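This briefing covers strand pairing and the surroundings of selected loop residues in a single chain. The sequence and structure are shown below.

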Amino acid sequence: MRRTTTALIAAAALAWLTASAAAQPAASCCNSPGLTPQGQEPVFQDLPKSGQKCWIGEVGYFTWEFDKAPKMGTAVLVVKLHDKDGKRVSDLSVTGRSDMPSMRGAHDSGEVAFKTNKAGDYLLPVSVVMPGDWEVLLTFSRNGIVVFRGRITFKV
Ligand SMILES: [Cu+2]
């Protein structure tokens, strides 16, 4: 009898583990920030420098750059997405949100979707209205599930 109970508990535990694994969104990968526990702020990881590869888990990477060195006025942020073999893709949705960290909320752009051009570049105009330190928070998602969050900082 005791042995049967133990076996039942083991089976139940296994079923629970399997169910938990299945609850992870298939589109998200290892370091996916897709699921943010309730009451917690999402974490935006600092991105490598302009032009360098920023990996999104193991499925691919992107690079970012401004069309010109940002100064007062509008700079266009350009994001280029690649699959893991380096082929250009544009199968994710990307949004950006710019602001000045030192006076958060004062120039908050809100979350704005990047637009893609014919080449598959993701483009976002960033409005720089004051000299100082700026940031852009990037959110990448697939089918509504966030697969990556990153933060760009720059000074004007
Ligand atoms: Cu400001």
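In this predicted model, strands β2 and β3 run antiparallel and are joined by three bridges. Strand β3 also pairs with β4 in the antiparallel sense, over seven bridges. A five-strand sheet and two loop residues, Leu 47 and Pro 70, are treated after these hairpins.

**Hairpins of β2, β3 and β4**

- Across the β2–β3 pairing, Trp 55 stands opposite Tyr 61, a residue of β3.
- Three residues lie between the strands of the β2–β3 hairpin, and Gly 57 in this hairpin takes a positive phi near 55°.
- Strands β3 and β4 form a hairpin of their own, with six residues between them.
- Within the β3–β4 pairing, Thr 63 has Lys 80 in β4 as its bridge partner.

**The five-strand sheet**

- An open sheet is formed by five strands in the order β1-β11-β10-β6-β7, with mixed pairing.
- Strands β1 and β7 (112–113) stand at the edges; each has a single partner strand, so one side of each is left without a neighbour in the sheet.
- The pairing of β1 with β11 (residues 145–155) is parallel and comprises two bridges.
- Gln 45 has Gly 150 in β11 as its bridge partner.

**Leu 47**

- Leu 47 is located in the loop that connects β1 (45–46) and β2 (54–56).
- Leu 47 counts as partly exposed because it has 19 C-beta neighbours inside 10 Å, whereas a buried residue requires 20 or more.
- Residues up to four places away in sequence aside, Leu 47 touches Cys 54, Trp 64, Gly 150, Arg 151 and Ile 152; Gly 150 is also the bridge partner of Gln 45.
- A separation of 8.5 Å is found between the C-alpha atoms of Leu 47 and Thr 153, which are 106 residues apart along the chain.

**Pro 70**

- Pro 70 is placed in the loop between β3 (60–66) and β4 (73–83), the two strands of the hairpin with six residues between them.
- With 18 C-beta neighbours inside 10 Å, Pro 70 is likewise classed as partly exposed.
- When neighbours within four places in sequence are left aside, the contacts of Pro 70 are Ala 75, Val 126, Val 128, Phe 154 and Val 156.
- One of these contacts, Phe 154, is 84 residues from Pro 70 along the chain, and their C-alpha atoms are separated by 8.0 Å.

Technical notes:
Residues numbered from 1 in each chain as written. Predicted model: local features only at pLDDT ≥ 70, side-chain atom pairs only at ≥ 80, totals over all residues. Helix = DSSP H or I, 4+ residues; strand = E, 2+ residues; numbered from the N terminus. Buried ≥ 20, exposed ≤ 12 C-beta atoms within 10 Å, placed from the backbone. Contact = placed C-beta atoms within 7 Å. Pairing = 2+ DSSP bridges.
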